[in-house]
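The following exchange sets out how descriptive terms are justified from computed values. Each reply names the value and the criterion behind it.

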Amino acid sequence: MTVLPFTAARRLTRSRTRRTGLGVSGWAAVVVLVLVAAAAVLAPLIAPYDPNTGDLLHPYATPSADHWLGTDGTGRDVFSRLVYGARTSLLGPAAVVLAALLLGVPLALVSAWRGGRTRIVLGSVLDVMFAIPGLLLAILAVAMFGPGLGAAVIALAIAYLPYVARLATTAAEGERRLPYVQALSVQGHGALRVNVRHVLRNLSPVLVGQASVAFAYALIDLASLSFLGLAVQAPQADWGVLASDKDALLKGHPLGVASASVLIVVTVLSLFVLGSRVSGEDRR
Amino acid sequence: MTALLQVDDLTLDLGDTPILRGVSLAVRPGEALGIVGESGSGKSMTLRTVARLLPDSARTGGAVRVGDRDVLGLRGRELREHRRGLGMVFQDPRSAINPVHTVGAFLVERARDAGQDTAAAREQALTVLRRMGMTDPERRMRQHPFELSGGLLQRVMIASVLMERPRLLLADEPTTALDVTTQADVLALTDELRREMGAALVLVTHDLDLASAVCDRIAVMYGGRVLETAPAATLRDDAVHPYTRALLASRPPLDQRLTEIPVAPGSPVPAAQTGPGCPFVDRCPVALPICGSALPEERLVGASRVRCHRVEEVA
Amino acid sequence: MRRFLLRRLLGAVVTLLIASIVVYLCVYLSPGSPEQVLFGSRPPSPEVQAQVREYLGLDQSPVLRYLTWLGHVLSGDLGTSLITQQPVSSRIADPALVTLSLVAYAAVLIVLLGVGSGLLAALRPGPVDAGVTTLTSVATAVPAFVAAGVLISVFAVQLGWFPAYGQGDGVVGWWHGLTLPAVALAILASGLVSRVTRASARQELASEHVETARMRGISGGRLLRSHVLHNAAPSVVTVIGLQVAGLVAGAVVVEQAFGLNGLGGLLISSVQQKDFPVVQAIALVVVGAFVLLNLLADLVVMALDPRARVVAR
């Protein structure tokens, strides 16, 4: 399980210079992500075979015009499984990030706005949550709800909450100190209005950038959990499940594992690049 | 008397951007030269070129000599020796002194690095700190930079330079970061010590009054060129170049209240945006057509060296 | 300084306590009970069941059971496994040794690879920097199980240099078997550490205080050690602390991939068997290691940076 490196919070909030373009690498990342998302949405149209039924007579077929990436140990088409796998592999992280943002950002805004005791209490709660690793939570969640994507998503959303909330708190506090926010509240604008219309809006590049990075880590973590057999269950197509086919590896048929691994790495890398471009973090 | 620092027709480009376009200066041993100009005039970069603290993209032309060393060609060990003979005081001591070591460690670091007697260096540092008007310097030596005020820290910075007895002191806006009351103090003490030691000084500042209070001669820079060099007293009372006059006119007088702060009309132009003629031509109230097309020669008028086509008429 | 330590240790204890309550609640709320797991599909007579429940203390209220457990832990007794009837401490000793050796091995690799490549990139601008930065950027996107797959098929299946499964005998065999897992575990974190090292070393190299040192003619070695490395170290140490602390739990993926019997595997099976004392003990070890390693990193940062000592006061 990875520890999220949301360390750049303070620097991010300061660099308010919005970049005009994504740059070459930024656009490359966008292209990759659009392609992967399209594969997930249009899976039935793209995949040439059913991902779950295989031709048992032809296990581990080598790549051919029929099977672009060959077949796995039970003769299922690897390419089709990868395309369908994009669905679970992207949906899970999206749910984790959305939940963590929906819980974490309001907490952060309240904590930054109220300051004082509220901030200390919320901060301590987050500190405790921070020390309980997401994987431990995920294993416990599986014990409570049974193995499956749902339990893993809930556990990871809780595990990501302190990261998101911490980052957003730092950013919101930076914004809170700016003269325009103080001017607005002195003029009698309500706290909710100032926070939603101004603070949140100005934080959005930072939040979107960090959501992109969190998405990448959630993708890694969920794939890891599927690899352990705790999230997406084996017959279903998922990149983590596909990458965990150790049988194929040991029998000398690494293509399926390799292509799933490459997809994961390329998607994660694209999310990182996009994240740093959107939030305007300088790559020194 | 031969010059300690001799700068001849120095040019400097950072990448494709010209910064200095032919700067000539000379400083005799023990003399204090002020370099005055607005931001972007190239005064700081002139100083940094002497110290060879330039970015990798810098290209230089002309010559800079300190003693009998050709500074621009120095490398490695020789460059280090050259820098050791200089003392450089930076504008902001808060960022110029490593925050993680104690003040004492900072002061004796050079001796320790050179394998010299650190106890002697410590004594030397304490003496200079006391001379810089610091009370209880022993305690200060044990403290870290963040525990000292800006004024005290700049005294530490200056002491670290003076305790090495440099021949040439380079100071880049050394008191700009300090509040007004400590400014005068720090500068006066520095100047006193410097004179005792016989060190020459190049003081870069935007403040003409400050420069004329401390320096023997003053060079006025604009757009990467020196437009006028004169003894401090001459410059204050009988400035020749229209730019120097504009600078002098924009100082608020001390003895009367003004409704408006005077400014030199127009805004300063960096060297990159100047044409072949006098860099000040666009703002000059007495400019002629020739001023935009040809660079005036340097001419001696009284005690001043001036670059201006209309020097006879204005003088 | 002492007050800071005391406060941090108190915080650690509170965190552990809350974590143990959370873990307890999760295990308690999950369906099924330990004796059902024990009896399997052929439950004995109700009297025997009641006896077993009493013997295991399952007839008491959940709050009482938790408090009893807590009391035992505070007196140094981690309890007895409900499933194997072994003392928990001996049940988790071997897996803990495997996991902690693996994490320690990976930590060494992270420091060597991460800091080394980061400094190389910072000090050699141009093609070396570009190459290292590209490599480490990719490394930050390589999950441990992907790395495990690559390492197994290249070094175990193709080349046969290292075992794909388990550990050998003796000290040499032990470390030999841990090498591929440790590398797999270290890759992602090394990439992050490298990037942070590069960024903070670059920042120091460009700083004015390094310029001052250069101006004073300080020699290259001391300049690097005393002004660049020393000043860049705090942020690097913080990241290393966080990453290594996360590995204690994260090691489970690699253990599973290489068939090592570590804490993670035991945790998963104990949760399934509702072996409450074992789950609690492992949770304590994992959370405790996280808190302790971060505290250690903070102490190192304080030793390196006087300003951190003031904030802590």
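Q: Which elements of chain B have the lowest and the highest mean pLDDT?
A: This is a predicted model. Among the elements of chain B, the lowest mean pLDDT, 72, belongs to helix α13 (residues 311-314) of chain B, and the highest, 92, to strand β8 (residues 200-205) of chain B.

Q: How do you know what confidence the predictor assigns to chain B and chain C as wholes?
A: pLDDT runs from 0 to 100. Chain B has a mean pLDDT of 85, with 95% of its residues at 70 or more. For chain C the mean pLDDT is 85, and 94% of its residues reach 70 or more. The model as a whole scores ipTM 0.84 and pTM 0.84. Where pLDDT is low, predicted coordinates should not be read in detail.

Q: Why does the radius of gyration of chain B agree with that of a compact globule?
A: The globule rule is 2.2 Å times the number of residues to the power 0.38. For 315 residues the expected radius is near 20 Å, and chain B has 20 Å; the value therefore agrees with a compact globule. Along its principal axes, the C-alpha trace of chain B spans about 65 × 50 × 35 Å. Chain B contains 13 helices and twelve strands, and buried residues account for 44% of its 315 residues. Of the contacts in chain B between residues at least 6 apart in sequence, 64% join residues at least 24 apart.

Q: What makes up the secondary structure of chain A?
A: Chain A has twelve helices and zero strands. Its pattern along the sequence is accordingly α-α-α-α-α-α-α-α-α-α-α-α. The C-alpha atoms of chain A fill a box of roughly 75 × 45 × 30 Å along the principal axes. Of its 284 residues, 52% count as buried. Among contacts in chain A between residues at least 6 apart in sequence, 71% join residues at least 24 apart.

Q: Which residues of chain A does UniProt list under "transmembrane region"?
A: The unreviewed UniProt entry lists residues 21-47, 90-113, 120-143, 149-168, 207-232 and 252-274 of chain A. In the model, residues 207-232 of chain A are 81% helix and 0% strand, with end C-alpha atoms 28 Å apart. Residues 252-274 of chain A are 87% helix and 0% strand, and their end C-alpha atoms lie 35 Å apart.

Q: What does the annotation "domain: ABC transmembrane type-1" cover in chain A?
A: According to the unreviewed UniProt entry, this annotation covers residues 86-275 of chain A. That span is 85% helix and 0% strand in the model, and its end C-alpha atoms are 20 Å apart.

Q: How do you know whether chain A and chain B touch or stay apart?
A: A contact requires C-beta atoms within 7 Å. Chain A and chain B do not touch, and their nearest C-alpha atoms are 16 Å apart. Two pairs of chains do touch, and the most contacts are between chains A and C.

Q: What makes up the side of chain C that touches chain A?
A: The contact takes 45 residues from chain C and 35 residues from chain A. Elements giving two or more residues to this side of chain C include α1 (2-29), α8 (170-205) and α12 (276-304) of chain C. The largest share, ten residues, comes from α10(C). By residue class, this side of chain C has 33 nonpolar, eleven polar and one charged.

Q: What makes up the side of chain C that touches chain B?
A: Here chain C gives 18 residues and chain B gives 18 residues. α9 (208-215), α10 and α13 (306-312) of chain C each give two or more residues to this side. α9(C) has the largest share, five residues. The residues of this side of chain C divide into four nonpolar, eight polar and six charged.

Q: Why is C:Gly191 called buried?
A: The term applies at 20 or more other C-beta atoms within 10 Å. C:Gly191 has 24, so C:Gly191 is buried. C:Gly191 lies in helix α8 of chain C. Not counting residues up to four places away in sequence, C:Gly191 touches C:Thr136, C:Ser137, C:Ala139 and C:Thr140.

Q: How far apart in space are C:Gly191 and C:Glu54?
A: C:Gly191 and C:Glu54 are 53 Å apart, C-alpha to C-alpha, and 137 residues apart in sequence. Chain C is divided into domain 1 (33-77) and domain 2 (89-312). The centres of domain 1 of chain C and domain 2 of chain C, taken over C-alpha atoms, are separated by 40 Å.

Note on methods. Residues numbered from 1 in each chain as written. Chains lettered and ligands numbered in written order. Predicted model: local features only at pLDDT ≥ 70, side-chain atom pairs only at ≥ 80, totals over all residues. Helix = DSSP H or I, 4+ residues; strand = E, 2+ residues; numbered from the N terminus. Buried ≥ 20, exposed ≤ 12 C-beta atoms within 10 Å, placed from the backbone. UniProt positions renumbered as here; feature names shortened; annotations may be inferred. Nonpolar A, V, L, I, M, F, W, Y, C, P; charged D, E, K, R; others polar. Domains from an automatic or database assignment.
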